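Colleague: I would like to learn how to read a protein model feature by feature. Could we go through one together?

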Amino acid sequence: MDDVKISRRLFVSAAVLAGGGFVMGFGASPSEAQSATARLTDYVAVAPDGTVTIRAKNPEVGQGVKTMLPMIIAEEMDVDWAQVRVETAPVDEKTYGPQFAGGSLTTPMNYETMRRAGAAARAMFLQAAAEALKVPVAELSAVKGTVVHKASGKKLSYGTLATAAAKVPVPDLKTVALKDLKTFTLIGQFKGGVDSPKIVRGAPIFGIDTVVPGMKYAILAKPPVYGAKLKSANLDAIRKLPGVAQVFTLEGQGDFHGIQDCVAIVADQWWYAKSARDQLDIVWDEAIGVPHDTATYAAQAETLLTGNGEPIRDKGDVRTALAAAAKTVEAVYETPFIPHVPLEPQNCTAKVTADGIEIWAPTQSPGGGRRLVAQTLGVPEEKVTVHMVRGGGGFGRRLENDYMVEAAAVAQKAGVPVKLLWTREDDIAYDYFRPGNYHRLRAGLDGAGGLSAYQAHGVTFARGGKTAQGAGITPDGFAQITVPNYRLEQSLIETLVPTGYLRAPSSNSLAYVHECFLDEVAHAAGKDPFDFRLHLIETGGKGPAAEGRGPDYDLKRLKVILETLRTRSGWDRRKPAAGEGFGLATYFSHRGYFAEVARVQVSPDGTWRVFKVWVVGDVGSQIINPAGAINQVEGSVIDGIGELRQAITFDKGRAVQGNFHEVPLMRMSEAPHIDTHFVLSDNPPTGLGEPALPPVIPAVCNAIFAATGVRVRKLPLTPEALAKRA
């Protein structure tokens with residue numbers, strides 16, 4: 001997405017609140033790449049007592065946007081953060097524009113728009129004060145919610161001016177004066193999350209906490225194989241169990257994001273529903289899943305990798321360059337399917353009203369969920385009301401709204417409000433998994449040890465003959481844009497397994513493959529990993545934007561973070577102990593540049609532990625909230641290390657793993673020390689939720705090689721697997 005641009009359609013309106021006050025709304029078109037015009041309304045209200053209420057427009061799933069977006073408005077308004085009260089905006093895309101959490105796009109899509117919103121409000125208060133004090137606006141300044149006339153020493157609070165400010169003509173938002181970045185007093189300051197005190201107190205703010213009058217609890221028994229059909233179930237026996245209110249079936253819609261054949265159990269308490277499901281004697285027709293087996297997928301991939309795939313990118317003459325290479329390096333890498341496993345399992349509360357359906361959902365895409373519910377249940381979209389509720393983690397899983405459709409369908413058929421809650425086993429079995437993939441790589445080195453050729457064949461997954469969600473293989477990794485001769489081919493394996501976008505989609509697996517292989521190539525060239533990459537930067541080609549293929553990959557920015565990381569990590573002074581190694585990796589993902597060094601200890605039995613990770617990133621000219629930024633980077637690093645141990649395998653279409661003992665998360669005692677540093681560059685600020693994750697996985701694997709001489713070319717990285725490879 002391009003940065004948000006203000007268009008001639010942008011407008012501001014203001015009105016006097018009951019009892020005196022100021023409420024401001026404004027509209028803006030999003031980026032030119034976003035075709036629908038967005039109107040962003042009712043963001044700011046100022047009460048007579050000076051309290052400033054700012055609405056946060058996008059879903060909060062732990063990434064900090066509920067704090068960050070209002071900070072931008074408050075900065076330009078020149079209000080004290082202590083005056084600010086934040087609330088979640090209603091779901092209304094006609095008013096607020098796109099409301100979603102994904103792609104690290106919240107900052108680049110909203111930064112300028114939020115600034116202009118705050119600046120317009122400040123201008124209106126300055127004008128109101130100028131009229132009240134009968135002085136030129138130029139003689140006034142705004143300081144922490146107060147307009148100051150320095151010459152006379154007079155001051156007027158925003159609360160006092162609120163009614164008058166509401167009557168001031170709206171300034172032209174295209175030319176409204178924005179603050180100089182050097183004068184920022186709020187942006188760049190550490191601010192705790194606005195919900196953090198409630199979280200610490202255990203206040204009911206998450207989707208799982210939602211309660212509405214007359215609510216029942218629901219659970220579904222769904223097929224263990226996606227798309228399997230229900231044959232029989234002992235429904236009459238289940239209806240007689242304690243606490244069970246209703247039992248009925250829902251018919252599958254045959255849609256990837258819709259409802260599957262299932263049995264719905266509605267009960268007075270969730271445990272009654274869950275216990276009743278445990279006693280279901282249910283039979284499925286699972287024949288559809290027979291070809292979809294992890295071993296079958298691996299065999300198909302092995303066959304495909306021996307041949308040629310469909311060319312995705314072809315630069316220079318790879319075959320000639322490889323034939324002329326002084327040395328070649330070859331390897332096969334494999335990554336598994338993995339789940340999202342947010343700590344809060346999927347849940348949704350829904351009730352049918354006289355006017356339609358009302359939904360409370362911890363979703364990353366409330367507008368998408370609203371449309372999906374309307375489409376699936378045959379209800380006009382304007383009759384579906386969705387309330388954004390804070391989610392206990394998302395990582396891309398809550399971009400899918402299957403649980404929202406399920407809750408709405410159960411409520412519609414049951415005729416009572418219901419809270420649908422999945423178990424952890426449900427959450428894993430019915431995930432939209434990050435798809436696995438397989439890669440055969442070959443690189444050529446010239447006589448001086450420089451990278452002259454790079455050939456890659458990736459095998460990934462498809463649904464209906466098209467690349468599955470989250471399964472895309474990009475041609476624009478670091479090595480790929482710097483080498484003069486490069487060819488990427490892709491082959492597809494059909495799957496019925498639902499796939500989706502996991503934090504840093506595609507990049508989180510591709511970084512592992514290509515950055516680990518690049519470390520192999522550097523080792524074969526006899527070069528230090530930093531020196532090898534810096535040499536590629538000096539001799540490398542142009543980024544994809546220069547060729548008209550998407551966001552640019554600025555090698556100058558990458559060079560700065562690599563050099564900074566080399567110093568901060570003490571790379572050239574490292575003295576690893578026995579069984580200890582240091583590994584380097586870098587990646588450009590979702591507009592963010594990150595490079596990381598991991599220090600890893602490996603025991604003789606294959607047990608490994610990451611002791612420290614140094615992280616250097618460039619996400620533009622501003623870090624809006626350093627507390628949130630560091631939180632996102634540290635969370636990304638911990639997520640990435642945890643993913644190294646995770647894998648979902650399939651047996652005739654069934655997910656084999658079911659809970660955390662089989663899909664382990666990192667424990668607090670295992671978390672490494674993380675040294676985070678940001679390099680500010682002269683570029684628009686971007687998001688932080690995803691780009692820090694991809695480099696940590698290869699950095700750890702490269703450190704393991706440095707410690708043991710064992711190359712990690714296949715995940716998951718369990719102690720048993722590592723000891724076996726050794």
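Modeller: We will take sheets, helices, loops and cavities in turn, and keep in mind that this is a predicted model.

Colleague: Let us begin with sheets. In what order do the 7 strands of the open sheet lie?

Modeller: Read a sheet from one side to the other, not along the sequence. Here the order is E11-E12-E9-E19-E16-E17-E18, with mixed pairing. Strand E11 (244-250) and strand E18 (384-388) are the edges, each pairing on one side only. Neighbouring strands in this sheet are turned by 20° against each other on average, with direction ignored.

Colleague: In which sense do strand E9 and strand E12 pair, and over how many bridges?

Modeller: E9 (residues 216-221) and E12 (residues 262-267) pair in the antiparallel sense over 5 bridges. To find the register, look for residues that face each other: alanine 221 stands opposite valine 263 in E12.

Colleague: Which helices pack on this sheet?

Modeller: One is helix H7 (residues 270-278), which touches E9, E11, E12 and strand E19 (418-421). The direction of H7 makes about 25° with that of E9. Another is helix H10 (residues 366-377), in contact with strand E17 (356-361) and E18. The direction of H10 makes about 150° with that of E18.

Colleague: How do I check the length of a helix, such as helix H11?

Modeller: Compare the expected span with the distance between the end C-alpha atoms. H11 (residues 402-414) has 13 residues, so at 1.5 Å a residue it should span 18 Å; its end C-alpha atoms are 18 Å apart, which agrees.

Colleague: Is H11 mostly covered or uncovered?

Modeller: H11 is mostly covered, as 11 of its 13 residues are buried. Among them are Tyr403, Met404, Val405 and Val410. As general background, an α-helix has 3.6 residues a turn, so residues three or four places apart point the same way. Just after H11 comes glycine 415, with a positive phi near 75°.

Colleague: What should I look for in a single strand, such as strand E6?

Modeller: In a regular strand the side chains alternate between the two faces of the sheet. In E6 (residues 140-143), Leu140 and Ala142 make up a covered face, while Ser141 and Val143 make up an uncovered one. E6 runs antiparallel to strand E7 (residues 146-149), and 4 bridges join the two. Valine 143 stands opposite threonine 146 in E7.

Colleague: How many residues lie between the strands of that hairpin?

Modeller: The hairpin of E6 and E7 has 2 residues between the strands, and lysine 144 takes a positive phi near 50° there.

Colleague: Where else does a residue other than glycine have a positive phi?

Modeller: Lysine 134 is one case, with phi near 55°. Lysine 134 sits in the loop between helix H3 (106-133) and E6, and counts as exposed because its relative accessibility is 73%, over the 50% cut-off. Arginine 591 is another, with phi near 70°. Arginine 591 is placed in the loop between E24 and E25, and its relative accessible area of 24% makes it partly exposed.

Colleague: What sheet do E24 and E25 belong to?

Modeller: They belong to an open sheet of 4 strands in the order E24-E25-E26-E29, with mixed pairing. Strand E24 (580-589) and strand E29 (673-678) are its edges, and the twist averages 15° from one strand to the next. E24 and strand E25 (residues 592-602) run antiparallel, joined by 10 bridges. Glycine 583 stands opposite alanine 598 in E25. Helix H15 lies across E24 and E25, at about 25° to E24.

Colleague: Which residues does a cis peptide bond join?

Modeller: To spot one, read the omega angle. Leucine 715 and proline 716 are joined by a cis peptide bond, with omega about 15°. Proline 716 is in the loop between helix H18 (693-708) and helix H19 (719-725).

Colleague: Last, how many cavities of 30 Å³ or more are there?

Modeller: The structure holds 6 of that size. The largest has a volume of about 190 Å³. Its lining has 21 residues, of which Tyr226, Gln260, Ala429, Tyr430 and Pro498 lie nearest the centre of this cavity.

Notes. Residues numbered from 1 in each chain as written. Predicted model: local features only at pLDDT ≥ 70, side-chain atom pairs only at ≥ 80, totals over all residues. Heavy atoms only, no water. Pairing = 2+ DSSP bridges. Axes fitted to C-alpha atoms, helices over the stretch in contact; angles between N-to-C directions. Contact = heavy atoms within 4.5 Å. Expected span 1.5 Å × (residues − 1). Buried < 20%, exposed > 50% of the residue type's maximum accessible area, 1.4 Å probe, protein only. 1 Å grid on protein atoms, 1.4 Å probe; cavity = no way out; pocket = protein on both sides within 12 Å on 5 of 7 lines; lining within 4 Å. Points joined across faces, edges and corners; volume = space filled by probe spheres on them.
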